[in-house]
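I opened this notebook to record what I looked up in the structure, one topic at a time. The entries follow the order in which I consulted the coordinates.

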Amino acid sequence: MDRNILTSLQDLIAGAARGDHTCFAQIYERTHLHLFGVAVRMLGNEQAAEDVLQEAYVNIWKNAASYRSSVDGQEIQPITWLIAIVRNKALDALRSRTRRSAHEQPQQHFDAEDDIEVPQGADTAPGALQLFEQAMQALRIEGCMAALDGSFRQSLALAYYQGLSHTEVAAQMNAPLGSVKAWIRRGLDKLRACLSAQGVTP
Amino acid sequence: MRYTDAKLLDALASAYVLGTLEGGARRRFERLLRDRIDVRALVAQWEQRLGQLALSVPARRPSANLWRAIEARTRPVAEHKTPTSRWPAWLRPAGFGLGGVAAGVIAASALFLSAPGLFITSDQLAMRSGERLPQSYVGVLTDAQGQGRLLVSSLRHGKTLTLKVLGTAPLAPALASDERLVLWALPADGAPFAIGTVPASGTQVSALPDTSEKLLSKVSRLVVTRERTATPSAPSADVVLSGSCAKLW
């Protein structure tokens, strides 16, 4: 692990793609705290998050060669590639958990309090909306996003940070499914517009 | 569902990345994602946008067992210091090392001294007797305009492959220094595999990991793609040339 700390994540991924396990270990070293935070937030417990992270990093090792620094002229930051892998694995785990519980208790309607595992230390952990607002401030688009009603931001935040489905967001917010779908759709459009206006992403 | 509407594709890409695209729709979209580079670009854009949201999530430390578990599943079995090789991994025979080479040279020398006749292949025999065997496997690859640009040929039991670039124009304009053109075989019943890199011009003879009979007998299509990694595991969508591969005899 004597690799220069200035070696970019992109170079480390290229190294892992060549089969260099030291590069892979460095990728883990640099990213696992952040990615574990993302996974715990979505899955609500550490054991499930560790399982997801294990699958995600094995996937990263096996598919490092498939990382492209750009797709069709669109630059892809390595960290967003890694986040996407972790989120997809976490979403798979969440959906199969939902399928299992639906199979075991077919009559039970979704109840936010029963079925969503509250993250450990939920008293101190910031809520999804709070994380969303913090991100907006960090990106300096909170003013732009404030044009949206709070329910738009909250539905988007629940879907992103907790990986909730439309149905689950509707249950959590006690709102009609159709409204939730429209809020999320509008929220995404607004987010794109604000990020673009701020020059963060196209 | 129609996948030509740009607005629909963008909406699907955003829902896919957010995670609200579910069930059958998610699986159909994942298939689309494998096949279409324009859809991959839309998803990449949404991953960039939504990835910004993750930056406010507080970091957390998993147990030390996590790395041990990952390491156990990823660390190569017999990891030892291998010198960096000019050859891509897929051209390097397993267990290739100086010891193996030395042992091979000794064994081969002994055998050569005792039975020189064994070292003449059927190809060489045919050439010595004056008749030249035709190439067994031949592929002609064309560019997007249908112009024949690359001739691929190999003797049936030979372990070399000859690539000849036809014409003088570059095969792929604006090839960046970290990009290369890779020739892939697309077997009828299996995953594509890389055969080698394609020269910018002229003729190149490269070594095959096995005889062309074994490698190419089930291959009917060849493609050349633009690749950014040294050892791509699957062809990129950036196809520069494509064509058929035929067995002549």
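The entries below go from model confidence to chain A, the cores, the contact between the chains, and the strands of chain B.

**Entry 1. Confidence**

I noted at the outset that this is a predicted model. For chain A I found a mean pLDDT of 86, with 86% of its residues at 70 or more. I then looked for the weak part of chain A: over residues 106-124 the pLDDT is below 50. Beyond near neighbours in sequence, this stretch has 17 contacts in the model. I kept a general caution beside that entry: where pLDDT is low, the predicted coordinates should not be read in detail.

**Entry 2. Layout of chain A**

I counted secondary structure next and obtained 10 helices and two strands for chain A. Read along the sequence, the order is α-α-α-β-β-α-α-α-α-α-α-α. Of the 202 residues of chain A, I recorded 42% as buried. I also looked up how far apart in sequence the contacting residues of chain A lie. Among contacts between residues at least 6 apart, 64% join residues at least 24 apart.

**Entry 3. Helix H8 of chain A**

I examined H8(A), residues 150-162, which has 13 residues. From its first C-alpha to its last I read 17 Å, close to the 18 Å expected at 1.5 Å a residue. Is this helix mostly covered or uncovered? I found H8(A) mostly covered, with 11 of its 13 residues buried. The buried residues include A:Phe152, A:Leu156, A:Tyr160 and A:Tyr161, and also A:Arg153 and A:Gln154. Just after H8(A), I noted that A:Gly163 takes a positive phi of about 65°.

**Entry 4. Positive phi outside glycine**

I searched chain A for further positive phi values, bearing in mind that most residues other than glycine have a negative phi. A:Arg140 has a phi near 60° and lies in the loop between H6(A) (128-138) and H7(A) (142-145). I counted 12 other C-beta atoms within 10 Å of A:Arg140, so this residue is exposed. A:Asn174 has a positive phi of about 55°, and its place is in the loop between H9(A) (166-173) and H10(A) (177-197). I counted 7 other C-beta atoms within 10 Å of A:Asn174, which therefore is exposed.

**Entry 5. Nonpolar cores**

Which residues touch the most other members of the largest nonpolar core? In this core of 80 residues, I found them to be A:Ala16, A:Ala39, A:Leu53 and A:Val86. H2(A), residues 21-43, gives the most to this core, with 11 residues. I followed A:Leu53 outward, leaving aside residues up to four places away in sequence. In chain A, A:Leu53 touches A:His32, A:Leu35, A:Phe36, A:Ala39 and A:Val86. In chain B, A:Leu53 touches B:Pro62 and B:Leu66. I also recorded a second, separate core of 22 residues, which includes B:Leu150, B:Val152, B:Leu222 and B:Leu241.

**Entry 6. Contact between the chains**

I took the contact between the chains next: 46 residues of chain B are in contact with 58 residues of chain A. On the chain B side, the elements giving two or more residues are H1(B) (6-18), H3(B) (37-51) and H4(B) (64-74). H3(B) gives the most, with 11 residues. By character, I divided this side of chain B into 22 nonpolar, 13 polar and 11 charged residues.

I then looked at H1(B) separately: its 13 residues reach 18 Å from the first C-alpha to the last, close to the 18 Å expected at 1.5 Å a residue. In H1(B), I found the run B:Leu12, B:Ala13, B:Ser14, B:Ala15, B:Tyr16, B:Val17 and B:Leu18 buried. B:Gly19 follows H1(B), with a positive phi near 110°.

**Entry 7. Strands of chain B**

I closed with S3(B), residues 160-165, whose covered face holds B:Leu161, B:Leu163 and B:Val165. B:Thr160, B:Thr162 and B:Lys164 form the uncovered face. I set this beside a general rule: in a regular strand the side chains alternate between the two faces of the sheet.

S3(B) pairs with S2(B) (148-154) in the antiparallel sense over four bridges, and a hairpin joins S2(B) to S3(B) through five residues. I noted B:Lys164 as the bridge partner of B:Leu151. Five bridges join S3(B) to S6(B) (203-207), also in the antiparallel sense. There I found B:Leu161 opposite B:Ser206.

Definitions and conventions: Residues numbered from 1 in each chain as written. Chains lettered and ligands numbered in written order. Contact = placed C-beta atoms within 7 Å. Nonpolar A, V, L, I, M, F, W, Y, C, P; charged D, E, K, R; others polar. pLDDT = per-residue confidence, 0-100. Expected span 1.5 Å × (residues − 1). Buried ≥ 20, exposed ≤ 12 C-beta atoms within 10 Å, placed from the backbone. Core = buried A, V, L, I, M, F, W, Y, C linked by C-beta atoms within 7 Å. Pairing = 2+ DSSP bridges.
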